[in-house]
Amino acid sequence: AQTAACDAVGARRGRSQLPDRRGGFAAAMAPNARQRPPIPFRALEKVRVRPQSLVQICLGRVAENFLSYDNLDKKLGKKQLEDVYAMLDLNMSLPEAAARIADENYWKRRTQAKHRNAQVDKHGMSWKQTFLELELQDVLERIPITLDYEGPELEALRQQVTASRLHVFKLVVSQFPSHIDLSFLFDALPALCSFSVTYGNRRLGMDYERAMFGMKISDAQYLARNIRVSQTLVSLSLPCNMIDDELIKVLMGGLSYGHMLTHLDLSHNKIGDRGARRLASLLDPDYCLHSLDLSDNQIHANGCMHIGAHLAENMTCTVLNLRLNRCEDNGVSHLFQDMCVNKYLRTLNISCNDLTVRCLPYMNAMISDNDTLTELDLSANPLHQPEGDDAAPGAAATQLAGGSSVQLPGGGGGGSMVDAVDAEGAEGDEDEGIGGVSMSSPLGIFARFLMKSNALLRVDIRQCGLPPELAERVSTTVKHRELRAKGIPVEAYERSRIQQTVEVPEEEEAEGEGEEALEEGAEGAEGQAAESKEGAEGAEGEGEQEEKHEEEN
């Protein structure tokens with residue numbers, strides 16, 4: 001009976017609630033009803049794990065046994081071959097990899113994994129060439145001093161050179177500890193165009209020995225032979241090899257046959273006048289040298305004279321660097337005289353050669369007659385000598401150091417040069433002094449020639465002792481000329497320059513205010529500490545007086 005009653009009650013309740021439920025369902029199924037977003041449960045999500053396809057499994061097998069297959073490029077498609085290269089081991093034997101793999105993506109991954117700072121633009125924009133050249137350079141730099149010609153190390157090096165023979169165009173060996181014959185390089189690399197080597201070690205620490213630095217006569221003989229037989233070498237750099245005149249004599253046995261050389265760098269050596277005289281013959285018309293770097297040597301006036309004599313008839317050299325030598329006024333004056341005839345040199349660096357005001361007339365004549373020289377570096381030469389500025393510019397023949405004399409071109413002295421500058425449209429205010437230097441003095445005439453020249457686009461006159469106002473005037477004029485030649489508006493450059501000069505003092509003022517605030521804060525803290533200390537001492541003194549008073553009572 002109780003069960004029947006409960007069923008009847010439940011039936012009545014179900015009939016009474018049924019319309020409401022139907023209405024709720026109908027409202028939920030209405031087209032305009034708002035649906036609740038599903039609740040995300042990761043545990044309920046289906047994770048689909050797809051096994052590798054048969055093709056991918058086969059390509060993985062091919063990558064694992066890559067060295068066992070030949071002519072894969074003819075058996076696989078382009079996409080399949082790329083997948084195989086992507087799965088290859090980066091530590092594969094270099095001779096095998098160089099002979100079999102041409103994919104740039106593989107060589108890019110391998111280069112970036114071992115040489116993080118490699119720059120592909122310096123290696124022909126090819127990652128394979130980049131890696132092979134850098135690897136060969138590293139191996140050459142790690143060669144031990146004593147090397148067995150029949151040992152396994154040299155045999156492995158020869159195999160690497162043979163495998164890389166078609167992809168090595170440039171080698172820069174910053175240290176070469178050994179003194180072995182490099183014929184195996186030049187004979188096996190038919191595309192080697194640029195070669196640079198420095199004999200010795202860079203970091204020895206406490207193991208320093210004088211014999212471990214510099215090129216020996218045997219090295220010069222080997223190198224001369226290799227230069228003589230090479231048919232592709234166009235750039236040769238031998239910096240920091242302690243090369244003197246005797247070694248230059250040996251090297252000329254190969255350089256005299258280097259009719260393909262366009263760049264020669266012998267900087268930071270010990271070449272004197274005799275060596276410079278031999279090297280000057282490379283400026284003859286039989287050769288095509290474009291750039292000659294003899295900076296930081298021991299070339300004096302005699303060597304500079306011979307270089308200038310050969311440079312007068314040269315038609316190929318565009319860059320000449322004689323920085324950090326000892327040419328002085330005598331040698332440089334002859335060089336300037338010969339450059340009045342030369343119409344092909346574009347860059348000349350004669351900084352740090354102890355030039356004085358006595359060479360300025362010849363330099364002015366060169367600037368006036370030479371309309372192809374665009375860059376001139378005169379920095380770190382004591383050109384400004386107040387005691388010599390009052391002297392006249394000189395006559396047609398000027399006596400120089402050493403007792404020799406040089407004839408100025410055109411038979412005129414400094415006075416004719418001033419007339420030429422005035423004829424070109426010199427303004428009246430140029431006769432007034434700038435920075436305490438009269439514009440009619442040799443230094444003033446030199447400054448006016450620099451400002452009037454239409455060819456010079458870059459002039460470096462830092463550390464020459466010139467007054468700051470005169471140096472700023474010359475530098476600004478030459479800079480404006482360079483900007484106009486490049487099509488850059490001078491007004492925009494001046495506005496940016498003024499902005500920079502205004503921003504710098506503001507930053508300095510802000511820094512000064514910050515420092516002052518810190519100092520004031522520190523002083524205030526010290527004062528407060530002192531006051532608190534005095535207060536504490538005063539309290540202690542009062543306490544002691546009270547104690548004494550109590551004891552007396």
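Buried here means under 20% relative accessible area, and that cut-off is worth keeping in mind for the close-ups below of this predicted model.

**View 1. Ile248 sits in helix H11 with no exposed area to speak of: its relative accessibility is 0%.** Because that value is under 20%, Ile248 counts as buried. Helix H11 is where you'll find this residue. For a distance to check in your viewer, try Ile248 and Leu266: their C-alpha atoms are separated by 9.9 Å, and the two residues are 18 apart along the chain.

**View 2. Tyr287 is a buried loop residue.** The loop in question runs between helix H12 (273-280) and strand S5. Tyr287 has a relative accessible area of 15%, so it falls in the buried class. Pick its C-alpha and that of Met260, and you should get 7.4 Å, with the two positions 27 residues apart along the chain counted as their separation.

**View 3. Helix H14 is largely enclosed by the rest of the structure.** How many of its 12 residues are buried? The count is 10, which is why H14 is described as largely enclosed. Among them are Val332, Leu335, Phe336 and Met339, along with Asp329, Asn330, Ser333, His334 and Asp338. Gly331 is on the buried list too. The helix covers residues 328-339, and its length works out nicely: at 1.5 Å a residue it should span 16 Å, and its end C-alpha atoms are 16 Å apart, so the two agree.

**View 4. Arg100 and Glu96 pair up within helix H5.** Their side chains meet in a salt bridge, 3.2 Å from N to O. Both residues belong to H5 (residues 94-100), where they are four residues apart, or about one turn of the helix. Is each partner buried or partly exposed? Arg100 is partly exposed at 29% relative accessibility, and Glu96 is partly exposed at 33%. As background, side chains of opposite charge can pair when their charged atoms come close. The structure as a whole holds 16 salt bridges.

**View 5. Arg458 and Glu375 form a salt bridge between two strands.** The N to O distance is 3.9 Å. This pair links distant parts of the chain: Arg458 is in strand S11 (residues 458-460), Glu375 is in strand S8 (residues 375-377), and they are 83 residues apart. Arg458 has a relative accessible area of 44%, so it counts as partly exposed. Glu375 is partly exposed as well, with 29%.

**View 6. Lys479 and Glu482 make a salt bridge in helix H19.** The closest N and O atoms are 3.6 Å apart. Because the two residues are three apart in H19 (residues 468-486), about one helical turn separates them. Lys479 is partly exposed at 30% relative accessibility, whereas Glu482 is buried at 6%. Now put this view beside the previous one: Glu375, Arg458, Lys479, Glu482 and Lys486 are linked in a network of salt bridges.

**View 7. Four acidic side chains gather on the surface.** Which residues build this patch of negative charge? They are Asp148, Glu150, Glu153 and Glu155. Glu155 lies in helix H8 (residues 152-163). With 40% relative accessibility, Glu155 counts as partly exposed.

**View 8. Met242 and Asp296 are two loop residues with positive phi.** Neither is a glycine, so if you like to look over backbone torsions, here are two to pull up. Phi of Met242 is near 55°, and phi of Asp296 is about 55°. Met242 lies in the loop between strand S3 (235-237) and helix H11 (245-255). Asp296 is found in the loop between strand S5 (291-293) and helix H13 (301-311). Met242 is partly exposed, with a relative accessible area of 26%, and Asp296 is partly exposed at 29% relative accessibility.

Technical notes
Residues numbered from 1 in each chain as written. Predicted model: local features only at pLDDT ≥ 70, side-chain atom pairs only at ≥ 80, totals over all residues. Heavy atoms only, no water. Patch = residues over 30% accessible without salt bridge, like charges linked within 9 Å, V, L, I, M, F, W, Y side chains within 5 Å. Areas by Shrake-Rupley, 256 points an atom, 1.4 Å probe, with all protein chains shown as cover. Lys, Arg positive; Asp, Glu negative; His and termini not counted. Charge placed at Lys NZ, Arg CZ, Asp CG, Glu CD. Buried < 20%, exposed > 50% of the residue type's maximum accessible area, 1.4 Å probe, protein only. Expected span 1.5 Å × (residues − 1).
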